[in-house]
Amino acid sequence: MTIWVIGDLHGCGHEFDALLKAIDFVPGRDHLWLTGDLVNRGPQSLETLRRVYELREHASVVLGNHDLHLLAVAFGHGRLKPSDTLSDILEAPDREMLLEWLRCQPLMVESQTHQCVMTHAGLPPQWSIERARQYAREGEAMLSSRQFLEFLPYMYGNEPARFEPGLRGNDRLRAIINVFTRMRFIDARGTLDFSAKEGLDSAPEGFSPWFCFERGDTERLIFGHWAALEGRAPGARANVRSLDAGCVWGGALMAMNLDTDEVVTVAARSQG
């Protein structure tokens with residue numbers, strides 16, 4: 001079975017369908033990995049979410065920050081922003097089915113065969129793959145549990161800015177989710193900066209892209225989230241790959257064959 005990894009969709013439904021055609025995706029023969037941020041900013045958030053849901057038996061999805069924003073808004077603990085394109089989902093007759101499925105998606109996906117890990121934002125060097133797996137399961141357990149609604153008011157926030165193993169309760173869960181879904185620049189101790197969102201030259205003093213720090217493992221790491229990188233990760237190890245090529249901003253939607261490293265792109269048809 002061929003695994004194709006596709007970068008952040010952001011509601012770019014036309015491009016998603018065009019990319020599936022370009023890679024000759026056949027459900028049952030092939031499998032998709034999606035780097036998260038399925039929805040928002042693009043013009044077809046509802047259609048895109050429905051399409052991924054239809055393919056759910058043939059796709060592995062990780063949650064991104066925009067997916068979590070949708071859940072927060074839908075369950076009454078967030079507000080729509082002027083740039084959001086989530087209203088169609090919130091008003092859809094099948095919203096409950098789609099949202100219940102979405103909140104049960106993981107924060108991290110692995111393939112032992114390919115020695116590969118996918119998360120939305122990346123992995124800090126302080127976390128081994130084993131630790132990351134443990135932390136991902138903690139966050140996923142809360143997001144898919146009956147306590148989900150109680151946790152939602154505490155999910156967002158910039159503190160603590162650094163995950164510590166001794167953290168407990170909502171602070172621990174918030175720090176875990178922030179790493180998996182919001183990380184870009186960090187310092188040598190693993191402190192996250194939440195202000196800089198542009199290219200590498202926007203790094204605050206004392207901070208660097210998380211993928212420029214050395215790690216002790218050899219697994220390939222695949223991430224999305226950082227559209228300003230345009231599908232590149234300058235200064236990263238050879239086994240780190242960025243797949244968010246900024247389709248929603250007029251760039252491209254990118255797919256990579258996990259077996260051959262072949263990359264296929266389709267140019268953006270619409271912009272956010």
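Me: How do you know that strand 1 and strand 11 are paired?

Reply: Count the bridges: strand 1 (residues 2–6) and strand 11 (residues 252–257) are joined by three of them, running antiparallel. Pairing takes at least two bridges, so these strands count as paired. One spot to look at is I6, which sits opposite A255 in strand 11. Keep in mind that this is a predicted model.

Me: What makes strand 1 and strand 2 a pair, and in which sense do they run?

Reply: Five bridges link them, and they run parallel. With at least two needed, strand 1 and strand 2 qualify as a pair. Look at W4: its bridge partner in strand 2 is L32. L32 also has a bridge partner in strand 3, namely A59. Strand 2 and strand 3 are parallel too, over three bridges.

Me: Why is the pairing of the sheet called mixed?

Reply: Strands of a sheet can pair either parallel or antiparallel. Here strand 1 runs parallel to strand 2 but antiparallel to strand 11. The five strands lie in the order 3-2-1-11-12, and the pairing is mixed.

Me: What makes strand 3 and strand 12 the edges?

Reply: Strand 3 (59–61) and strand 12 (263–267) each have a single partner strand, so one side of each has no neighbour in the sheet. On average, neighbouring strands in this sheet are turned by 20 degrees against each other, direction ignored.

Me: How do you know that strand 2 is largely enclosed?

Reply: Five of its five residues are buried, so the rest of the structure largely encloses strand 2. Both faces are covered: D30, L32 and L34 are buried on one side, H31 and W33 on the other. That fits the general pattern, in which side chains of a regular strand alternate between the two faces of the sheet.

Me: Which β-α-β units does strand 2 belong to?

Reply: Strand 1, helix 1 and strand 2 make a right-handed one. Strand 2, helix 2 and strand 3 make another right-handed unit. Helix 1 (residues 13–22) lies across strand 1, strand 2 (30–34), strand 11 and strand 12, at about 145 degrees to strand 12.

Me: Why is T48 called buried?

Reply: Its relative accessible area is 1%, and buried means under 20%, so T48 passes that cut-off. T48 lies in helix 2 (residues 45–54). Leaving aside neighbours within four places in sequence, T48 is in contact with L9, G11, C12, G13 and L38.

Note on methods: Residues are numbered from 1 along each chain as its sequence is written. This is a predicted model: local features need pLDDT of at least 70, side-chain atom pairs count only at pLDDT 80 or more; totals for chains, interfaces and linings use all residues. Side-chain values use heavy atoms; hydrogens and water are left out. Helices (H or I, at least four residues) and strands (E, at least two) are DSSP runs, numbered from the N terminus. Axes are lines fitted to C-alpha atoms, for helices over the stretch in contact, and angles run from 0 to 180 degrees between N-to-C directions. Contact means heavy atoms within 4.5 Å. Buried means under 20% relative accessible area, exposed over 50%, partly exposed in between (1.4 Å probe, protein chains only). A crossover is right-handed if, with the strands pointing away from the viewer, the path from the first strand over the helix to the second runs clockwise.
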